[in-house]
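Subject: Handover of a structure for your review

Dear colleague,

Please find below the structure that I am passing on to you. A summary of what was found in it follows.

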Amino acid sequence: MLQVVWFKRDLRLEDHAALCAAAIRDRILPLVIVEPDYWRQPDVSARQWNFWRGCIADLGEAIAAKGGQLCVRVGDAVETLAAIRAVHGPFVLRAHEETGNAWTFERDKAVRRWCKAEGIAFEESRQFGVWRRRRVNRDRWAQGWDRMMAMPAQPAPPLLMWERGESNPLPDAAALGLADDGLQVAPIWGRAEALATLHSFLHERGEHYTSEMSSPVSGEAACSRLSWHLAYGSLSIREAYQAAQARYRELPLSEKAWRQSLRSFIARLHWHCHFIQKLESEPEAEYRPMARLYEGLRPRSADAVKLQAWGEGRTGYPFIDAAMRYLNATGWINFRMRAMLMSFASYDLWLPWQESGRALARKFIDYEPGIHWPQCQMQAGETGINTIRIYSPVKQGYDQDPQGNFIRRWVPELASVPDAYLHEPWKLDAETRAQLYPDYPDRIVDHAAAAKAAKDAIYALRRKPEARAEAKAVVQKHGSRKRTADRKRAGAKADQLKLAF
Ligand SMILES: Cc1cc2nc3c(=O)[nH]c(=O)nc-3n(C[C@H](O)[C@H](O)[C@H](O)COP(=O)(O)OP(=O)(O)OC[C@H]3O[C@@H](n4cnc5c(N)ncnc54)[C@H](O)[C@@H]3O)c2cc1C
């Protein structure tokens with residue numbers, strides 16, 4: 001029977017479980033559905049669509065090189081599948097399991113209902129180390145992840161029999177109603193770019209990953225920069241993991257920095273799935289705190305003025321504003337800066353993470369809901385289990401940008417401010433401030449006072465008797481079992497990598 005392979009965020013032919021399963025059965029209709037309703041959601045943006053669109057075009061070329069034709073349809077998923085059925089007859093629908101946002105979660109349920117009603121088999125394969133809700137057991141999760149990553153990455157099936165279907169042209173962002181969002185640096189997409197990025201990280205750029213990842217200056221080159229390739233699937237996480245393991249094995253013991261960096265990188269690949277598992281296990285985590293006690297801690301709607309100032313990089317805190325403007329211009333920023341921006345929104349500005357999280361999601365080309373939402377609520381201190389981390393914007397600035405080059409590059413209004421005041425320009429007297437930077441705002445809040453108020457409010461909740469029981473339940477459902485896993489691994493072979501997450 002005809003096999004319809006529905007490509008979603010897995011835009012490659014290699015290590016593609018759904019495609020491999022289809023290839024040994026019958027003719028394949030490779031399908032991408034561009035869903036205009038999805039592109040109307042508040043967490044998505046033109047920069048994501050443009051990247052995704054590039055990946056789709058790249059996949060189309062890869063399929064054409066093998067004699068097929070990618071079928072691109074624009075419309076509702078169920079209506080599209082019904083139309084395909086009307087023309088091509090019954091089929092088996094194959095796709096990778098997806099942990100998307102609330103919208104894709106509901107769409108997948110609708111597709112499953114339609115398949116059931118029409119007697120169409122919908123077979124989903126696992127592409128990450130993430131288990132569907134019913135099947136997850138956190139106590140054995142890490143072993144499952146290890147097994148999944150150790151399975152051989154499959155090459156693209158050599159022989160493919162294709163079915164051709166009527167295709168729509170790929171729309172541009174404007175046709176989907178997506179406004180230009182000011183991206184100034186065009187990212188490069190596609191399979192060849194993903195492989196080149198992986199190679200340059202593992203062989204050239206990654207040596208000082210561990211020590212250089214936290215600064216937005218050094219992190220730009222030292223981080224793997226694989227997030228958008230993993231998010232749209234031009235590279236599978238298993239391919240990244242296995243390449244890193246292979247590189248680690250060939251490194252002599254004397255290459256301490258490289259070895260340390262690869263261990264950190266592999267730990268982060270583990271985190272990738274560990275976080276996605278949280279949203280998979282609890283889809284409500286996109287809008288509700290895992291610890292329900294925290295509901296109502298912050299106002300339901302954000303203060304519009306503060307949200308806008310933060311999103312535009314006009315808070316009066318030079319390092320915060322530089323980081324936000326860099327993100328606005330490039331669509332990417334390193335982990336430490338993401339955490340700092342979220343911390344500032346959540347503690348200093350007391351904004352609900354759901355709203356600041358949506359604004360951040362739109363800015364990230366690599367938006368991955370399963371990582372994003374659990375990270376947002378963790379950085380906002382609403383999981384009930386994680387240490388509260390309130391980043392000082394000034395300390396971060398001195399630590400990560402000691403010369404102030406990053407601030408000077410992204411906040412040009414401060415060009416005339418002497419180095420000694422660049423991180424804290426408010427220490428200049430009012431008259432000098434007005435002379436030196438008339439167009440840059442004063443501090444929107446006082447960090448020390450705002451951080452103290454935030455801490456007091458959160459610890460008042462944490463001290464409540466019911467907080468402990470709730471935290472225990474959250475750990476049971478979502479917590480890492482790092483200590484147990486480490487203990488088990490302690491006896492394993494000397495050269496095996498330890499995971500720390
Ligand atoms: C508030 C907030 C929101 C975030 N939203 C996203 C998102 O939408 N999409 C996304 O891919 N990452 C997100 N991250 C995680 C992390 O910041 C990015 O994965 C990383 O900065 C991407 O750059 P890289 O590929 O060079 O990362 P590297 O440091 O080279 O890491 C390699 C890969 O490991 C994974 N990874 C790294 N750090 C983490 C982490 N802390 N948690 C889970 N997985 C991780 C990513 O897949 C990443 O590509 C978020 C972090 C925070 C604090």
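**Cavities and the sheet**

Fifteen residues, written here as 15, line the second largest cavity, and those nearest its centre are Lys8, Ile33, Glu35, Trp52 and Arg107. Please note that the model is a predicted one. The elements that each give two or more residues to this lining are strand S1 (2-7), strand S2 (28-34), helix H2 (46-65) and helix H4 (102-118). By class, the lining of the second largest cavity comprises 10 nonpolar residues, one polar residue and four charged residues. The space inside the second largest cavity amounts to about 140 Å³.

In total, the structure holds five cavities of 30 Å³ or more. The largest cavity contains about 180 Å³ of space. It is lined by 16 residues, and Glu97, Glu98, Thr99, Gln127 and Phe128 are the closest to its centre. In the lining of the largest cavity, nine residues are charged, four are nonpolar and three are polar. Where does the largest cavity lie with respect to domain 1 and domain 2? Residues of both domain 1 (2-127) and domain 2 (128-154 + 191-281) contribute to its lining, so the largest cavity lies between the two domains.

Strands S1 and S2, which were named above for the second largest cavity, also belong to an open sheet of five strands. The order of the strands in this sheet is S3-S2-S1-S4-S5, and the pairing is parallel. S3 and strand S5 (122-125) are the edge strands, as each of them pairs on one side only. On average, neighbouring strands of the sheet are turned by 30° against each other, with direction ignored.

Two of the pairings may be described in detail. S1 and S2 run parallel and are joined by five bridges. Phe7 has Val32 in S2 as its bridge partner. S2 also pairs in the parallel sense with strand S3 (residues 71-74), over four bridges. In this pairing, Val34 stands opposite Val74 in S3. Between S2 and S3 the chain passes through H2, and the resulting β-α-β crossover is right-handed. H2 is thus met twice in this account: in the crossover from S2 to S3, and among the elements that line the second largest cavity.

Yours sincerely,

A colleague

Notes: Residues numbered from 1 in each chain as written. Predicted model: local features only at pLDDT ≥ 70, side-chain atom pairs only at ≥ 80, totals over all residues. Heavy atoms only, no water. 1 Å grid on protein atoms, 1.4 Å probe; cavity = no way out; pocket = protein on both sides within 12 Å on 5 of 7 lines; lining within 4 Å. Points joined across faces, edges and corners; volume = space filled by probe spheres on them. Nonpolar A, V, L, I, M, F, W, Y, C, P; charged D, E, K, R; others polar. Domains from an automatic or database assignment. Pairing = 2+ DSSP bridges. Right-handed = clockwise from strand over helix to strand, strands pointing away. Axes fitted to C-alpha atoms, helices over the stretch in contact; angles between N-to-C directions.
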